[in-house]
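Subject: Two-chain model for you

Hi,

Here is the model I promised to pass on. Have a look at it first, and then read my notes below.

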2 protein chains.
Amino acid sequence: MRVSDRVAAMQFSPIRRFNTYAFEAEAEGKKVYRLNIGQPDVETPPCFMDAIRKFDKKVIAYAESGGVTELLDAIIDYNKQYDMNYEHEDILITNGGSEALVMTFTALLNQGENAIIAEPFYTNYNTFCGQVGGSLHPITTKAEDGYAWADREMIESAIDENTKAICCISPGNPTGRVLTLDEMRLVGQIAKEHDLWIISDEVYREFAYDGRDVASFGMLDEFADRVIIIDSVSKRFSACGARVGCVMSKNREFMDSVLKLAQGRLCCPTLDQIGAAALYRLDPSYYDEARAEYEGRRNAAYEEISKIPGVVCQKPGGAFYLTCKLPVDSVEDFLMFLLKEFDDNGETVMFAPAEGFYVTEGLGKDEMRIAYVLNQEAMRRGAELIRLGIEAYNNR
Amino acid sequence: MRVSDRVAAMQFSPIRRFNTYAFEAEAEGKKVYRLNIGQPDVETPPCFMDAIRKFDKKVIAYAESGGVTELLDAIIDYNKQYDMNYEHEDILITNGGSEALVMTFTALLNQGENAIIAEPFYTNYNTFCGQVGGSLHPITTKAEDGYAWADREMIESAIDENTKAICCISPGNPTGRVLTLDEMRLVGQIAKEHDLWIISDEVYREFAYDGRDVASFGMLDEFADRVIIIDSVSKRFSACGARVGCVMSKNREFMDSVLKLAQGRLCCPTLDQIGAAALYRLDPSYYDEARAEYEGRRNAAYEEISKIPGVVCQKPGGAFYLTCKLPVDSVEDFLMFLLKEFDDNGETVMFAPAEGFYVTEGLGKDEMRIAYVLNQEAMRRGAELIRLGIEAYNNR
């Protein structure tokens, strides 16, 4: 009586596993600035709850497997502002971007096949891919280069005969790296030459700063038959707990495949879909306001982090993460120090060690990721605590 | 650029694929009695929406991966009425019973391994199991025997060297077969002798009629280390669209494994969990009322179906399904006739052909499943339409 090899090989979430020590620190009376997880303190637009409160059917019935019509309609209209034309049959609603990714890997990878992805990358991809017996081959990037990866030689060196897809997270988690539309075109061209699918995770789409244009693989018609877009309301509308995402593609065989999986699990929750439809109907000015808010936080966090002597960091262009190299041998050991031994006026700070975002053994040990999900003042104080912590840690 | 072998081998839902023809019949002005899908017309208890409407946090934030504490507490208390003692760490909240099953198969089966299950069985098990490269080995049952399967010889003949688990759906979908606690003990004993897991799908737990006691593998302490219980609010509380289920086990290695998968997809929707907690807090008299309602529907449906000359049917003991043999060569062809050619005073009827519930090639072609999800009058009329339809079909 054993569990499967695939779950035995999996790790507990490296983002969440330090939570216990943070709770202990809080129990001792310390204030912990939690910069470790992408849970913003930004208010969910009230139209979400308003739409749900108005639901008046007597029976909470199954929804259609592919999604509630009013949500699909709202996504179609939302896409049009970026000149992306997806029809009902090109979109399938999922339980967050997470289920969209699980379904995509299930639909694409046979056991032993792989997808390539720039590392460091959002660590749960390992779980999504590993649970169907696939693997991720890394395109290794460097803090010194701002984690750039849109380079033909780098990408092609990761492809082998078992590669089925190129994964692209832009704006990127955990690096904040943003691809331009031209860089996306290069990735598309390489995918075409090697006959690969493109899995484009665009959940941070609007969070691109310094005047960058919104860029999506959905804008590149020449690759439409191989592009799969992963999306979600979690970050865009600060509605992480709604668990509403979607997968979009113009490739019929792929969409038929994910529909089979979707029919198996029947449907996504009805109420959250109704709330999400209201979110997608928000005035586009909402995105400008949200972007400005996060850009301010990014600026504050980056300014403070840059003051740390010995840090290696470039200003992230998007999403709400900053990954950098710290002047310590082991970031995990340093984090334990922060939670167990350090405080400044009763306060300490928590981040995500970046090692879990790499698949290449030994990389990322001296890197951390912070999420700029708190307000500017809190971000400045959190970054200051990291700086003070390093001084104390290196002077022990 | 191909999709994976596993999705290529999957079917579209045999329960849902006749929907198109039903819509066409309705567009022509026919009334269609939809007995094909387990979507009851019973009102969802209003406490579900009431609890959700009261939610007043500003941010719809991620929940804990394992589930919201107030829901876990409510399930723990609900279990106690059946002398089942599960702690927080023994329960993990899932997106309906569906995700609980996907996670369970992912956690147990390596590629090429199998679980055994009495056929006919709830067809989506094929999708849940197939998406991780596993397969289902049938214990074939017969309409003539009321689909009985709790027999040592029948069960052991389905086990081979790659078998990892025995699946048990009781009360059963699609047959309505209910296992007694003694029969569960026999299944447990066989599992123990062959060192197998027990996956017990108990989503219809309270729907056992004719004075039958509620029976659960959770009551059998001697098998606690190998028992995995799948549960859901969908049927018990007529809340199919809430998509709240759970997986429960006392086996730590198994629960750690599903927690890894749960952390990967972050969490289930916050609001639906809050609503579900209120459902589990309903007075136990709710189950008696719901049971009486469905028992009346069962009686009405069975009485009418029994009137059909040549039908092979035993009275189902639980759930809300009735599967039987009809006096036609092809039930699928007959269903198409009902939807496209037949009507009686402008009315026709829809059921689920049972062939999709079998894995053994050729079985079930002359069987159908109806769900007694409509009120008694509608059930009688639906069954009458099947009888009239058979007369017309066989006299063409």
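How many bridges join strand 3 of chain B to strand 5 of chain B, and do these strands run parallel or antiparallel? There are 3 bridges, and strand 3 (residues 114-119) and strand 5 (residues 163-169) run parallel. One of the pairs there is B:A115 with B:A165 in strand 5 of chain B.

Some housekeeping before the rest. This is a predicted model, in which local features need pLDDT of at least 70, side-chain atom pairs count only at pLDDT 80 or more, and totals for chains, interfaces and linings use all residues. Residues are numbered from 1 along each chain as its sequence is written, while chains are lettered from A and ligands numbered from 1 in the order in which they are written. Helices (H or I, at least four residues) and strands (E, at least two) are DSSP runs, numbered from the N terminus, and two strands pair if DSSP finds at least two bridges between them.

**The sheets**

Strands 3 and 5 of chain B belong to an open sheet of 7 strands, in the order 2-8-7-6-5-3-4, with mixed pairing. Strand 2 (91-95) and strand 4 (135-140) of chain B each have a single partner strand, so one side of each has no neighbour in the sheet. On average, neighbouring strands of this sheet are turned by 25° against each other, direction ignored (axes are lines fitted to C-alpha atoms, for helices over the stretch in contact, with angles from 0 to 180 degrees between N-to-C directions).

In chain A, 3 strands form an open antiparallel sheet in the order 9-12-11. Its edges are strand 9 (321-325) and strand 11 (352-353) of chain A, each pairing on one side only. Strand 11 of chain A meets strand 12 (residues 367-371) over 2 antiparallel bridges, and A:A352 has A:R369 as its bridge partner.

Over in chain B, strand 9 (residues 321-325) pairs with strand 12 (residues 367-371) in the antiparallel sense over 5 bridges, including the one between B:L322 and B:I370.

**One residue to click on**

Try B:I199, in strand 6 (residues 197-201) of chain B. B:I199 is buried, because 28 other C-beta atoms lie within 10 Å (buried means 20 or more such atoms, exposed 12 or fewer, partly exposed in between, with C-beta atoms placed from the backbone). Leaving aside neighbours within four places in sequence, the contacts of B:I199 include B:A115 and B:A165, where contact means C-beta atoms, placed from the backbone, within 7 Å.

**Chain A overall**

Chain A has 13 helices and 12 strands. The radius of gyration of chain A is 21 Å, close to the 21 Å that the globule rule gives for 396 residues, so chain A is as compact as a globular protein of that length (taken over C-alpha atoms; the rule is 2.2 Å times the number of residues to the power 0.38). Buried residues make up 55% of chain A.

**How the chains meet**

The contact takes 66 residues from chain B and 66 from chain A. Among the elements giving two or more residues to chain B's side are helix 5 (96-108) and helix 9 (252-264) of chain B.

A turn of 180° with a shift of 0.0 Å along the axis lays chain B on chain A with an RMSD of 0.0 Å (least squares on C-alpha atoms of residues with pLDDT of at least 70 in both). The two copies are thus related as by a two-fold rotation axis, and 100% of the contact residues of chain B recur in chain A.

Cheers

Technical notes
Contact = placed C-beta atoms within 7 Å.
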